[in-house]
Amino acid sequence: MTRFRPFAITIIAVSLVFLLLGLFFLAMPRAGASFYGAPTRDVAATTFVRAIGLRDVALALYLLGLTLSARWRALTIILTATLVIPAGDIALLMMSGTARPVHYLLHGASLLCFALLAMGSRRQP
């Protein structure tokens, strides 16, 4: 198990945010659809949001497991690969035509967060 250095604590905090976000999307898909700028009464949209919830829960568990086991190289690979998620989300928003600036801001913040974490994880022993 890793010593809880500030970087590890940061990763754990981000993991917990994504775990809670994923559980929120699973439990309340209509609210999650609104969060994504999708129609809240559309069955396809709420199904999509539940899939996003599962993705976020899995991501949180990957990050927690790799951080707690101090697998820094694997964590760096996962964090770098994770950049595809917010970049893809932004592209999907652009194609949907239903997004508002706040939606882009949320996914852009996620992209920046994961980019910074990926760079920081490279510096871990």
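# Working through a six-helix chain

H2 and H3 are roughly perpendicular to each other, and the exercises below start from that pair. Keep in mind that this is a predicted model.

**Exercise 1. Work out how helices H2 and H3 are arranged, and which residues bring them together.**

Step 1. Find the two helices: H2 covers residues 29-36, and H3 covers residues 43-68.

Step 2. Get the geometry. The two pack at an angle of about 90 degrees, and their axes are 8 Å apart.

Step 3. Name the arrangement. Angles of 65 to 115 degrees count as roughly perpendicular, and H2 and H3 are therefore put in that class.

Step 4. List the contact residues. H2 brings Pro29, Arg30, Gly32, Ala33 and Tyr36, while H3 brings Thr46, Val49, Arg50, Ile52 and Arg55.

Step 5. Sort them by class. The contact of H2 with H3 comes out as 5 nonpolar, 2 polar and 3 charged residues.

**Exercise 2. Do the same for H1 and H2: describe the crossing, then the residues in it.**

Step 1. Start with the axes, which come within 5 Å and cross at roughly 115 degrees.

Step 2. Pick out the partners. On the H1 side you'll find Leu21, Phe24, Phe25, Leu26 and Ala27; on the H2 side they meet Pro29, Ala31, Gly32, Phe35 and Tyr36.

Step 3. Sort these too. The contact of H1 with H2 holds 9 nonpolar residues, 1 polar and no charged.

Step 4. Zoom in on one participant, Phe24, which sits in helix H1. Leaving out residues up to four places away in sequence, Phe24 touches Pro29, Ala31 and Gly32.

Step 5. Is Phe24 buried, partly exposed or exposed? Its relative accessible area is 28%, so Phe24 is partly exposed.

Step 6. Check a long-range neighbour. Phe24 and Gly53 are 29 residues apart along the chain, and their C-alpha atoms are separated by 7.3 Å.

**Exercise 3. Find out what surrounds Val57.**

Step 1. Place the residue: Val57 belongs to helix H3.

Step 2. Check its burial. Buried means under 20% relative accessible area, and Val57 has 15%, so it counts as buried.

Step 3. Look at the contacts. With residues up to four places away in sequence set aside, Val57 touches Phe18, Leu19, Gly22, Leu23 and Leu26.

Step 4. Add a distance. From C-alpha to C-alpha, Val57 and Leu21 are 7.9 Å apart, with their positions 36 residues apart in sequence.

**Exercise 4. Compare the settings of Trp72, Thr76 and Ala70.**

Step 1. Locate them. Trp72 lies in helix H4, and Thr76 is found in H4 as well, a helix that covers residues 72-82. Ala70 sits in the loop between H3 and H4.

Step 2. Read off accessibility. Trp72 is buried at a relative accessible area of 6%, and Thr76 counts as buried at 13%. Ala70 has 30%, so it is partly exposed.

Step 3. Look for distant partners of the two H4 residues. Trp72 is 49 residues from Ser121 in sequence, yet the C-alpha atoms are 6.2 Å apart. Thr76 touches Ala118, Ser121 and Arg122, again not counting residues up to four places away in sequence.

Step 4. Inspect the backbone of Ala70. Its phi is near 55 degrees, a positive value in a residue other than glycine.

**Exercise 5. Describe the whole chain, and say where the model is most and least confident.**

Step 1. Take stock of the secondary structure: there are 6 helices and 0 strands, giving the pattern α-α-α-α-α-α along the sequence.

Step 2. Judge the overall packing. The radius of gyration is 15 Å, close to the 14 Å that the globule rule gives for 125 residues, so the chain is as compact as a globular protein of that length.

Step 3. Add the dimensions and burial. Along the principal axes, the C-alpha atoms fill a box of roughly 45 × 25 × 20 Å. Buried residues account for 37% of the 125 residues.

Step 4. Look at contact range. Of the contacts between residues at least 6 apart in sequence, 67% join residues at least 24 apart.

Step 5. Finish with confidence. The average pLDDT is 90, and 97% of the residues score at least 70. Confidence is highest in H1 (residues 6-27), at a mean of 95, and lowest in H2, at 86.

How values were computed:
Residues numbered from 1 in each chain as written. Predicted model: local features only at pLDDT ≥ 70, side-chain atom pairs only at ≥ 80, totals over all residues. Heavy atoms only, no water. Axes fitted to C-alpha atoms, helices over the stretch in contact; angles between N-to-C directions. Helix = DSSP H or I, 4+ residues; strand = E, 2+ residues; numbered from the N terminus. Parallel < 35°, antiparallel > 145°, perpendicular 65-115°, else oblique. Contact = heavy atoms within 4.5 Å. Nonpolar A, V, L, I, M, F, W, Y, C, P; charged D, E, K, R; others polar. pLDDT = per-residue confidence, 0-100. Rg over C-alpha atoms; globule rule 2.2 N^0.38 Å. Buried < 20%, exposed > 50% of the residue type's maximum accessible area, 1.4 Å probe, protein only.
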